[in-house]
Amino acid sequence: MIDKNDVLSTVRMLREENLDVRTVTLGIHVGDCLRKEPSETAEAVAGKIRIKAAHLVRICDDIAARYGLPVVNKRLTISPAADLLEGKEPRSALM
């Protein structure tokens, strides 16, 4: 659980020391997207990313405006990506 005082202390430090938030990373678990066919897996992963990351840039921009802390980079990471194609033929993974 995040403590309110810790957040306020961090904001104070960022303002006083003129620091900025360089990157926000959204981690998305895609293990539940595994399907029988690689193309179905790819569709499931893409759909989950669209849903989970739909508001990432807007939220980062809102935070930047609210607290005066620029978020320079917004990025996604997915896991366990390697497990999605384990045991699949390379050619079938591309289709």
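**Salt bridges, helices and the nonpolar core of the predicted model**

Aspartate 61 has a relative accessibility of 40% and is therefore classed as partly exposed. This residue belongs to a predicted model, and its side chain takes part in a salt bridge with lysine 74, in which the closest N and O atoms are 3.6 Å apart. Because aspartate 61 is located in helix H3 and lysine 74 in strand S2 (residues 71-79), the pair ties together parts of the chain that are 13 residues apart in sequence. Lysine 74, with a relative accessibility of 32%, is likewise assigned to the partly exposed class.

The overall architecture comprises five helices and two strands. Along the sequence, these elements follow the order α-β-α-α-β-α-α. Of the 95 residues in the protein, 19% are buried. The accessible surface amounts to about 7300 Å², and carbon and sulfur atoms account for 55% of this area. When contacts between residues at least 6 apart in sequence are considered, 70% join residues at least 24 apart.

The number of salt bridges in the model is three. In general, side chains of opposite charge can pair when their charged atoms come close. Besides the pair formed by aspartate 61 and lysine 74, a salt bridge connects aspartate 32 to lysine 48, with a distance of 2.8 Å between the closest N and O atoms. This pair links distant parts of the chain, since aspartate 32 is in the loop between strand S1 (21-29) and helix H2 (38-53), whereas lysine 48 is in helix H2, 16 residues apart. The two partners fall into separate accessibility classes: aspartate 32 is partly exposed at 49% relative accessibility, while lysine 48 is buried, its relative accessible area being 17%. The value for lysine 48 falls under the 20% limit that defines a buried residue, so this charged side chain is counted as buried.

A further salt bridge is found between the side chains of arginine 58 and aspartate 62, with an N to O distance of 3.2 Å. Both residues are part of helix H3 (residues 56-67), where a separation of four residues corresponds to about one turn of the helix. Arginine 58 has a relative accessible area of 46% and is partly exposed; aspartate 62, at 41%, is also partly exposed.

Helix H3 contains 12 residues, and the distance from its first C-alpha to its last is 17 Å, close to the 16 Å expected at 1.5 Å a residue. Leu56, Cys60 and Ala64 are the buried residues of this helix. Because these residues cover an arc of only 65° around the axis, they are placed on the same side of H3. The face turned away from this buried side bears the exposed residues Ala65 and Arg66. Glycine 68, just after H3, adopts a positive phi of about 70°.

Helix H2 was examined in the same manner. At 1.5 Å a residue, its 16 residues should span 22 Å, and the end C-alpha atoms are 22 Å apart, so the expected and modelled spans agree. The buried residues of H2 are Pro38, Thr41, Ala44, Val45, Gly47, Lys48 and Ala53. Of these, threonine 41, in helix H2, has a relative accessibility of 4% and accordingly counts as buried. Beyond residues up to four places away in sequence, threonine 41 touches Cys33, Leu34, Arg35 and Leu84. With the neighbours within four places likewise set aside, alanine 44 is in contact with Cys33 and Arg35. Lysine 48, which also lies in helix H2, touches Ile28, His29, Asp32 and Cys33 when residues up to four places away are excluded. Cys33 thus appears among the contacts of threonine 41, of alanine 44 and of lysine 48.

The largest nonpolar core consists of six residues, namely Ile28, Val30, Cys33, Ala44, Val45 and Leu84. Among its members, Ala44 and Val45 are buried residues of H2. Cys33 and Leu84, also members of this core, are both touched by threonine 41, while Ile28 and Cys33 are touched by lysine 48.

Key:
Residues numbered from 1 in each chain as written. Predicted model: local features only at pLDDT ≥ 70, side-chain atom pairs only at ≥ 80, totals over all residues. Heavy atoms only, no water. Core = buried A, V, L, I, M, F, W, Y, C linked by side-chain atoms within 4.5 Å. Buried < 20%, exposed > 50% of the residue type's maximum accessible area, 1.4 Å probe, protein only. Contact = heavy atoms within 4.5 Å. Salt bridge = Lys/Arg side-chain N within 4 Å of Asp/Glu carboxyl O. Expected span 1.5 Å × (residues − 1). Areas by Shrake-Rupley, 256 points an atom, 1.4 Å probe, with all protein chains shown as cover. Arc of directions from axis to C-beta.
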